[in-house]
Amino acid sequence: MTSSTLCPLDRGRPKTDIVDWREIVELAGPGREPAPREAGMPEWAVVLKESLDLSPVVRAEDGERDHDECAAIPFAPLYDPFVRVAAGRLASRCPSGWARLAPSARLDLESGLRRRLGHLCGQALELEFSLFRVAGESSLACLFDEFHDSGPPTRRYDAFLAEMAGGGLARFFAEYRVLGRLVGSAILLFVDAFSELLDHLERDRGRLRSVFGSGRPDLGPVVRIRPYLSDTHRGGRAVTHLSFGSGVSILHKPKDLGMDHAFGELLGWLNERTGLPPLKAPRMLARRNYGWVEFVRARPWRDSAEASRYFREAGMLLCVAYVLAANDLHYENIVGAGEHPVLVDLETLLTPRLRNRTGDEPHAGGFDPGLDRSVLGTGLLPVHDTGPDGAVHDSSGLGWTPSESAGFWTPHWSRINTDHMSLAFARRPGRGPAAGGGNVPLVRHENDLIDGFRSMYAQLRRLQGELLAAGGPVAAIARRRIRVVLRQTRLYELVLHRSLRPECLRDGAVRSAELDVLAVQSPGGADPASLESLSACEITALERMDIPVFFARADGTDLIGEAGTKVRRALARPGHLAAVDRLLALGDGDLARQIAFIRGSVGAKAAAARRTSYRSAEAGRRAVPSSADLVSAAQAIGDGLRARAIVSGDGATWTAPYLTRDQTITPLLMGYGLFDGTCGVALFLAALGRQTGRSGYADLARLAMRPLRTALQRGTFTATATRMGPGGAVGLPGLIHALTHIGEFLDDPGPLDAADRIAALLTADRLRAIQESDVIAGAAGSLLSLLTLHARTGAPPLLARAVVCGDLLLRRRTAAPTGMPAWADPQGRHLTGFSHGASGIGYALLRLYAATGQEELRRAALEGIAHETALFDPARGNWPDLRLPDRGAPAFGSSWCQGAPGIGLARLACADLADDAAIGRDVEPAVTTTLAASAERSDQLCCGAMGRTELLLSAARRRNRPELERAARTIAGEVLDRAERSGSFDFGVKGAVDNPGLFQGAAGIGYQLLRLAEPERLPALLLWE
């Protein structure tokens, strides 16, 4: 608001006369606009005006409970007129239903609406209150309030309320026009949603008594209501908990319950035929597009025996969920009712996959998608996720414990309704599987879980024919509607939170631009053209502050939006076929595989809980660790990887955090890649096995490679090869580099054969199609990897393919702003650095020059290096990172991937390759800058401290400077000391506990520790030796 808001307002006129309603309506943006009730005014504006003409006061007659509720809601008295208008409209629309609500239930509804309005208005009101309390206040008055009030000071808060009551609220909505529309619409949606609920209650009262009444003659009045227990969909509708005077408690769910009902019938069918402990499903009454469900009360276990029975039944449920291709069964979708785990939301069974341009679904790293279609995909087993702050949490149905926070961010108010009230954002504490459900760690009952899974698996195998029969349970489920999750809910929540920032609430165009960010990227790798119409559905829902939802029939491939918008053949195949496939695949091999996944997941949970799996009790105690200290620390990392491995007869893998297309960090099964996949981990394990002589590490390396080698041998690798692409460390060439060294470390020709097979896929045409030029994703990385295999085998075709990459790099050069030819990225920037810039590309060309003697390669490399040298900043002893936006001063990196450590390493090697001492002059300032940066956090190889050690180690050995090797070991000692103190390595952008990968995870740290211990035995990974 403008400063005039902070001055006394004219109280002699009606409060809404001080605003221009036409201007508010015009600038508020699109919204829910039924037929106007006043000329030129949509109904939301009518409601807003009607509310603003009332006085915001706390009504004393509502009693102590209402006062307590208001005290917990920031600025609660300001919402009183809106609540009164909403309650009046609801009572008028549903007089009989309203009359059946006890006064306490009515207060519950009003409190729910207050909280919803508080969520909408909170950020803008907090800003205005901050401005108000500093205007005209002396520091002496603030100190007086702080030290002399008998309780929390409220003088300025009370004055702010008085100001708003006297007309300030109307001025507030005149400025925050979009917020006015949202508030008016929220009231209309509230009335629509709860009048619908009351209508359902009146219509179904007899059926409710027969289903849930347990013989009671009447349910009695509704005495308590807990609204908004879920995300809102379809116009502000959400799950509501109703408690009746008779003691009955049920949930009203405003959605189709067909799948929940079919799942309950399936459990009943199994209970009758298996002879196993009966699985519990809540009673329900399914109606058209809504339904009523028994409220399952959470109850902690009485003793360890009951806990054992809980996890045995949980194993049985896990097996059923696996066969039905369930996902998203997180901790809020399971209730622990003593010894019974009860699933309470089954709309994500038979999860279908979106069709994309290739007809399959991509995955970061390119792993076999079949691995993800396992028990791990259900969401019930522990998987560590990483939030935007780098903190790690587990939101799985069985792994979550009450001591863990959820991965969701919500507004957190402190000192509510006092002069010092403030708003921040924190992780939402979870409700969890029964307050006691997580009190006994899952790891203690791993065998109970597996026993339950094994017993149900045997019964499903026995009943396979009946389950798949034409009139059987699977056919019944196939006719139901399923939910298709296009994007993670937390992404929608983030967009909605950002859309409530004050600048978005002043102008509808600004807020619409914020919401339109989702339209830029197609969800889940789907074909953008096919889903364009659904993007409009997303925006419509978000405009109403709803979470968008999409559906499909389990036996179809059409995707349907809330309003009936349909995209034909958007799904790769009908969802119910996943259940058919899994039932037909039941067998001893699959059982062993799924149990291995369970053990691996639970083991990773145990390791994360101990927070010791990557640490050595001996390492890090000396200022300069010895070779034995370094190898011991590397072994601790290897042991941690063994503990966390998910091992089956098909191979071994790990979960790792990946940045999805929705720009959220999500745990997935590892891909094959060198950079962040199983081949990178196997490279470290093979090196560790060779240097320690312990076969267990080498055996695990072989297991980690088995799925890739099997796919190559069976000819099923083609689709994965297409997804990975022919460029750089993250593509197929990274696999070639990893397999070449793994074969050498293991003294095994098998990995070399696999590397040859992959190299054969890199035809000249595929290499010429590489879009990037850099080391990580482009032609330079492909060139280096091909040279690695060529150096081992001497095969001429490998060198010929490397030459194709070199020719591509020669043609790609363009004039840089420095006046020298260099390589531009897709955004047209001529970058510096090893991973993405001129240093890495120049180094690659000089490696090819050394192999071919082609002078043009040397000349191009030196020109690219000259471009980079021209950008050197002597005052900083560094080269600017041109990827970052220019905010008035250049940014500088201090890691291998970007900045002096990587550029200095490239210069060191290039000086020898080009036989040009002038290139080597940049090494000394790079070393100086690297030494100064050694105390910075982040321990990983790519972007952290361990990557910086390679420049120091290589310089020490190439230039006979042993003090630099000592400095490199000192940095490693600092990394180990920090890990010992904090309980974990710091992996930077991908979290702190569980990143097993090579370039940004534990395997890379372990590899560099081994190289520092015995540099003559291991090649420099960061130089692609």
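User: In this predicted model, which residue of E3 is the bridge partner of histidine 241?
Analyst: The model is predicted. Strand E2 covers residues 240-244 and pairs with E3 in the antiparallel sense over four bridges. Within E3, the bridge partner of histidine 241 is leucine 251.

User: Which residue in the turn between E2 and E3 has a positive phi?
Analyst: E2 and E3 form a hairpin, with four residues between the two strands. In that turn, a positive phi of about 100 degrees belongs to glycine 247.

User: Which residue in E5 stands opposite lysine 253?
Analyst: E3 is also joined to strand E5, residues 290-294, by four bridges, and these two strands run antiparallel. Opposite lysine 253 in E5 stands glycine 291.

User: Which residues of E3 point the other way from Ser249, Leu251 and Lys253, and are they buried or exposed?
Analyst: In a regular strand, side chains alternate between the two faces of the sheet. Strand E3 spans residues 249-253 and is mostly covered, five of its five residues being buried. Ser249, Leu251 and Lys253 point one way; the residues that point the other way, likewise buried, are Ile250 and His252.

User: Which strands stand at the edges of the open sheet E12-E13-E14-E15?
Analyst: The open sheet has four strands in the order E12-E13-E14-E15, with antiparallel pairing. An edge strand here has a single partner strand, so one side of it is left without a neighbour in the sheet. The strands at the edges are E12 (481-484) and E15 (566-567).

User: Which residue in E15 stands opposite leucine 559?
Analyst: Strand E14, residues 559-561, pairs with E15 in the antiparallel sense over two bridges. Opposite leucine 559 in E15 stands valine 567.

User: Which helix gives the most to the largest nonpolar core?
Analyst: The largest nonpolar core has 152 residues, and those with the most contacts inside it are Phe75, Leu120, Leu179, Val183 and Phe453. With 16 residues, the element that gives the most to this core is helix H9 (residues 177-212).

User: How many residues are in the other core, which includes Ala633 and Leu752?
Analyst: This core lies apart from the largest nonpolar core. Among its residues are Ala633, Ala704, Leu752 and Ala802. Its size is 137 residues.

User: Which residues is phenylalanine 75 in contact with, leaving aside its neighbours within four places in sequence?
Analyst: Phe75 is one of the residues with the most contacts inside the largest nonpolar core. With its neighbours within four places in sequence left aside, phenylalanine 75 is in contact with Leu125, Glu126, Phe129, Tyr157, Phe160, Trp413, Asn417 and Met421.

User: How many residues apart in sequence are the parts tied together by glutamate 50 and arginine 89?
Analyst: Glutamate 50 forms a salt bridge with arginine 89, with the closest N and O atoms 3.4 Å apart. Glutamate 50 lies in helix H2 (residues 43-52) and arginine 89 in helix H4 (residues 80-93), so the pair ties together parts whose separation in sequence is 39 residues.

User: Does arginine 89 count as buried or exposed?
Analyst: The cut-off for buried is under 20% relative accessible area. Arginine 89 has 16% relative accessibility and therefore counts as buried.

User: In which helix is arginine 958, the partner of glutamate 1025?
Analyst: The side chains of glutamate 1025 and arginine 958 meet in a salt bridge of 3.7 Å, N to O. The pair links distant parts of the chain, 67 residues apart: glutamate 1025 is in the segment after helix H36 (1002-1013), and arginine 958 is in helix H34.

How values were computed:
Residues numbered from 1 in each chain as written. Predicted model: local features only at pLDDT ≥ 70, side-chain atom pairs only at ≥ 80, totals over all residues. Heavy atoms only, no water. Core = buried A, V, L, I, M, F, W, Y, C linked by side-chain atoms within 4.5 Å. Buried < 20%, exposed > 50% of the residue type's maximum accessible area, 1.4 Å probe, protein only. Contact = heavy atoms within 4.5 Å. Pairing = 2+ DSSP bridges. Salt bridge = Lys/Arg side-chain N within 4 Å of Asp/Glu carboxyl O.
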